[in-house]
Amino acid sequence: MKSFQLASLISLLAASASAHSWLECVDTQVSNYDAAKANPSLDVQQTCNGYPRNKVSNGDWIQESQTYLWDLNNVSLNPDGLACRPSQTNTYPAGVPMTTARPGQNLRLRHWGNGHSRYDMGSPLHKDPGVVRLYHAGKKETDLKLKSDLVEQNWVRGAQANFSADAIIQITGNQMNEKANYFDWTVPSNLEDGRQSFIWVWAWGPAVTSNSANFNPATDYNNALLNSWTTCFDIMIVGSSATTSADTAGSSGSSTPSTDTCSKTCLKGGMAQYPCTGSDCPPCWYVSGGTTNCFEYGKDGTCPFGGAYDCKKNIQTRGATRFERTPFE
Ligand SMILES: *[C@@H]1O[C@H](CO)[C@@H](O)[C@H](O)[C@H]1NC(C)=O
Ligand SMILES: *[C@@H]1O[C@H](CO)[C@@H](O)[C@H](O)[C@H]1NC(C)=O
């Protein structure tokens with residue numbers, strides 16, 4: 001599809017669909033940024049060197065607008081209050097690699113404007129575009145799991161921008177064509193080498209309060225801007241001289257047992273004759289001594305006994321209540 005057709009299609013869909021956005025690229029190289037910013041009728045010349053997690057339908061805006069974005073606050077879609085869409089696992093298919101970067105490197109993130117870049121135009125009208133910001137668990141190989149982890153303590157200080165401040169937007173009459181929305185930030189210098197995972201958030205929500213006129217995105221955190229949409233990504237940090245994982249925020253993520261559990265062999269239904277591995281197994285895993293047993297969800301769609309590690313959603317589920325048996329203990 002030619003880019004101008006896609007742009008019109010996107011404006012059309014964005015105008016009719018409910019508000020949403022997601023992160024498209026983590027390391028965007030734009031060769032004509034200044035020229036396109038000055039003259040938005042130009043085609044933006046850009047390539048992507050590093051992507052968010054598991055972008056299986058990369059380039060298919062329609063598919064991604066249904067199956068890739070993550071609506072934090074829709075309880076029917078996100079009953080467990082997860083910070084990341086469960087399909088956004090730490091997986092990078094061929095052609096859509098993880099970002100590699102050095103501490104102190106500037107990265108240009110790109111997200112979709114989808115008709116929400118201005119207060120006085122687009123859909124819905126008279127709504128502040130809000131901010132985009134990043135969260136990090138504080139150490140490598142560690143993920144923030146829950147939307148309740150997306151708080152100031154886990155915010156990457158300084159990693160915040162107005163949703164549309166750096167966007168290239170072509171205005172024709174009262175129509176806007178958001179050619180590209182960017183969010184520039186600098187990889188913190190105190191991250192050690194290894195995989196560091198981040199969550200991109202668009203803070204917008206129904207009860208948006210604008211930032212004050214003297215708002216400083218590098219230092220000010222506005223709790224009134226409701227975190228609404230997320231995309232999860234990793235950066236493979238290289239060339240760092242940091243050796244401890246002291247981070248921007250200094251907090252460790254929610255307690256997360258090692259996902260090593262999910263790479264073991266488990267026994268389906270606890271039966272020794274049915275060993276399985278990976279996605280061939282049912283989702284609820286229970287470790288007991290040297291054995292791991294796994295079970296399907298119950299009728300209510302949750303793990304049948306307390307204390308499971310849910311390998312499909314990649315979370316520790318609630319502990320067993322005293323009225324329940326915990327298997328194999
Ligand atoms: C939540 O998601 C469901 C399922 O896609 C949808 O029907 C519903 O309209 C959404 N609710 C809101 C408030 O967006
Ligand atoms: C973002 O920038 C726009 C345009 O300058 C402004 O109207 C809006 O209030 C800003 N939003 C926030 C949350 O700072």
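This report describes the fold, cores, strand pairing, ligand surroundings and selected residues of a predicted model.

**Overall composition and confidence**

The chain has 329 residues, of which 36% are buried. Its secondary structure consists of four helices and 18 strands. Of the contacts between residues at least 6 apart in sequence, 72% join residues at least 24 apart.

The mean pLDDT of the chain is 86, and a value of 70 or more is reached by 85% of the residues. Residues 245-257 have a pLDDT below 50, and beyond near neighbours in sequence this stretch makes 46 contacts in the model. The pLDDT is also below 50 over residues 322-326, a stretch with seven contacts beyond near neighbours in sequence. Where pLDDT is low, predicted coordinates should not be read in detail.

**Nonpolar cores**

The largest nonpolar core contains 50 residues. Val132, Leu134, Tyr135, Ile199, Trp200 and Val201 have the most contacts inside this core. Two or more residues are contributed by each of the strands E1 (23-25), E7 (131-136), E8 (155-162), E10 (175-186), E11 (194-204) and E12 (226-237). The largest share, seven residues, comes from E11.

Trp200 illustrates how distant parts of the sequence meet. Leaving aside neighbours within four places in sequence, Trp200 is in contact with Leu23, Leu109, Val132, Leu134, Thr230, Thr231 and Phe233. Apart from the largest core lies another, of twelve residues, which include Cys281, Trp285, Phe295 and Ala308.

**Strand pairing**

Strand E10 has pairing partners that include E6 and E9. Strand E6 (residues 106-111) runs antiparallel to E10 and is joined to it by six bridges. Within this pairing, His111 has Asn181 of E10 as its bridge partner. Strand E9 (residues 168-172) is also antiparallel to E10, with five bridges between the two. Here Ile169 stands opposite Glu178 in E10. The hairpin of E9 and E10 has two residues between the strands, and Gly173 in this hairpin takes a positive phi near 60°.

Six further strands are described next. They form an open sheet with mixed pairing, in the order E14-E13-E16-E15-E17-E18. Its edge strands, E14 (275-277) and E18 (315-316), each pair on one side only. Within the sheet, strand E15 (residues 284-288) and strand E16 (residues 291-295) run antiparallel and are joined by five bridges. Trp285 has Cys294 in E16 as its bridge partner, and Trp285 is also among the residues of the twelve-residue core.

**Surroundings of ligand 2**

Ligand 2 is surrounded by Tyr119, Asp128, Pro129, Gly130, Val131, Asn162, Ala165, Ser210, Asn211 and Phe215. By class, this shell comprises five nonpolar, four polar and one charged residues.

**Selected residues and their exposure**

The following table gives the burial of four residues.

| Residue | C-beta neighbours within 10 Å | Class |
|---|---|---|
| Ser65 | 19 | partly exposed |
| Gly95 | 9 | exposed |
| Asn54 | 20 | buried |
| Glu141 | 14 | partly exposed |

Ser65 is part of helix H3 (residues 61-67). Its C-alpha atom is separated by 8.1 Å from that of Trp22, although the two residues are 43 apart along the chain. Ser65 counts as partly exposed because it has 19 C-beta neighbours inside 10 Å, whereas burial requires 20 or more.

Gly95 lies in the loop between strand E4 (70-71) and strand E5 (99-101). The C-alpha atoms of Gly95 and Asn58 are 9.1 Å apart, with a separation of 37 residues along the chain. Gly95 is classed as exposed because 9 C-beta neighbours lie inside 10 Å.

**Backbone features**

Two residues that are not glycines have a positive phi. Asn54 has a phi of about 45° and is placed in the loop between strand E3 (46-50) and H3. Asn54 is buried because 20 other C-beta atoms lie within 10 Å. Glu141 has a phi of about 55° and lies in the loop between E7 and E8. With 14 C-beta neighbours inside 10 Å, Glu141 is partly exposed.

A cis peptide bond, with omega about -10°, joins Ser123 and Pro124. Pro124 is located in the loop between E6 and E7.

Terms used. Residues are numbered from 1 along each chain as its sequence is written. Chains are lettered from A and ligands numbered from 1 in the order in which they are written. This is a predicted model: local features need pLDDT of at least 70, side-chain atom pairs count only at pLDDT 80 or more; totals for chains, interfaces and linings use all residues. pLDDT is the predictor's confidence in each residue, from 0 to 100. Two residues are in contact if their C-beta atoms, placed from the backbone, lie within 7 Å. A residue is near a molecule or strand if its C-beta atom, placed from the backbone, lies within 6 Å of it. Ala, Val, Leu, Ile, Met, Phe, Trp, Tyr, Cys and Pro count as nonpolar, Asp, Glu, Lys and Arg as charged, and the others, Gly among them, as polar. A nonpolar core is a set of buried Ala, Val, Leu, Ile, Met, Phe, Trp, Tyr and Cys residues joined through C-beta atoms within 7 Å. Two strands pair if DSSP finds at least two bridges between them.
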